[in-house]
Amino acid sequence: MSHIHTDPGQHDLTASGLIIRVDGVEPRVLLHRHIKLKKIMQFGGHVELTENPWQSLVRELREEAGYGINQLQVLQPKDRIKKLTSPSIVLPQPVCVLNLVYAGAEEHFHDDLMYGFITSEEPQYSVSSYESSEQLLFTRKELITAPSSEIFDDVREISLYILDVCLKDWDVINAETL
């Protein structure tokens, strides 16, 4: 599903994930070139009316990156609410909650819940035929030197935060169990 809200000043809820590959000499961030925006960014998309943000992200990671949730571990802050006694479900904590103007459309916004994942595996599925198949791996140094004309600055900054802080200080949780 694409934009649910199309009137000026409205917000769509999105969920996205930055995947860190830890199977090389150093951690690398897996990103893709967005098929419409033509810029390098994280995987993710709109939360559909029948989904919560976590369900949306699980679907998007499979469609856009080829990853099943069983292949990923999610980074979570050590101090967090893990479970409630009420029937409410505690969803995983995003690394960042971001409000951004969508693609220069000054009057349309995305409120994005951006998560951090790690894996040491290749994706088990093919990228969906209607998604971008151009996937790129970036080391910390390559992220820093990538031109702003190619990669969104917020994606670069949050990727560096995950590499510099979350990988060291956050819990690593089997994403399939959430």
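## Close-up views of a predicted model

**View 1. I19 in strand β1 has L30 as its bridge partner in strand β2.** This is a predicted model, and our tour starts with β1 and its neighbours. Three bridges join β1 to β2 (residues 28-33), and the two strands run antiparallel. Together β1 and β2 make a hairpin, with six residues between them. Strand β1 itself spans residues 10-21 and is mostly covered, as nine of its twelve residues are buried.

**View 2. Strand β1 also pairs with β7 and with β4.** With β7 (residues 108-119) the pairing is parallel and covers twelve bridges. To find your way around this pairing, look for A15, whose bridge partner in β7 is L113. With β4 (residues 43-46) the sense is antiparallel, over four bridges. Here T14 is a handy landmark, standing opposite H46 of β4. As a reminder while you look along the strands, side chains in a regular strand alternate between the two faces of the sheet.

**View 3. K38 has a positive phi of about 65°.** This residue is not a glycine, yet its phi is positive. K38 sits in the loop between β2 and β3 (40-41). Is K38 buried or exposed? With a relative accessibility of 53%, K38 counts as exposed.

**View 4. C96 and C166 are shown here in a structure with zero disulfides.** Why is there no bond between C96 and C166? The cysteine sulfur closest to that of C96 belongs to C166, and at 10.0 Å it is too far away for a bond, because a disulfide needs the two sulfur atoms within 2.5 Å. Seen from the other side, C166 is in no disulfide either, and its nearest cysteine sulfur is that of C96. Their surroundings are worth a look too: C96 is partly exposed, with a relative accessible area of 22%, while C166 is buried at 0% relative accessibility.

**View 5. R59 forms salt bridges with E51 and with E60.** The side chains of E51 and R59 meet at 2.6 Å, taken from N to O. For R59 and E60, the closest N and O atoms are 3.1 Å apart. How covered are these partners? E60 counts as buried, at 6% relative accessibility. E51 is buried as well, with a relative accessible area of 17%, whereas R59 is partly exposed at 21%. Step back a little and a network comes into view: salt bridges with shared partners join E48, E51, R59, E60 and E63. For the structure as a whole, the count comes to 13 salt bridges.

**View 6. D171 and R80 form a salt bridge.** Their closest N and O atoms are 3.0 Å apart. This pair links distant parts of the chain, with the two residues 91 residues apart. D171 belongs to strand β9 (residues 171-174), and R80 lies in the loop between β5 (73-76) and β6 (96-101).

**View 7. The second largest pocket has a volume of about 250 Å³.** Which residues are closest to its centre? They are K82, V90, L91, P92 and L178, out of 15 residues that line this pocket. Sorted by class, the lining of the second largest pocket has eight nonpolar, five polar and two charged residues.

Note on methods:
Residues are numbered from 1 along each chain as its sequence is written. This is a predicted model: local features need pLDDT of at least 70, side-chain atom pairs count only at pLDDT 80 or more; totals for chains, interfaces and linings use all residues. Side-chain values use heavy atoms; hydrogens and water are left out. Buried means under 20% relative accessible area, exposed over 50%, partly exposed in between (1.4 Å probe, protein chains only). Two strands pair if DSSP finds at least two bridges between them. On a 1 Å grid over the protein atoms alone, a cavity is a set of points where a 1.4 Å probe fits but cannot get out, and a pocket is an open set with protein on both sides within 12 Å along at least five of seven lines; lining residues have an atom within 4 Å of a point. Grid points are joined across faces, edges and corners, and a volume is the space filled by probe spheres set on the points. Ala, Val, Leu, Ile, Met, Phe, Trp, Tyr, Cys and Pro count as nonpolar, Asp, Glu, Lys and Arg as charged, and the others, Gly among them, as polar. A salt bridge is a side-chain nitrogen of Lys or Arg within 4 Å of a carboxyl oxygen of Asp or Glu.
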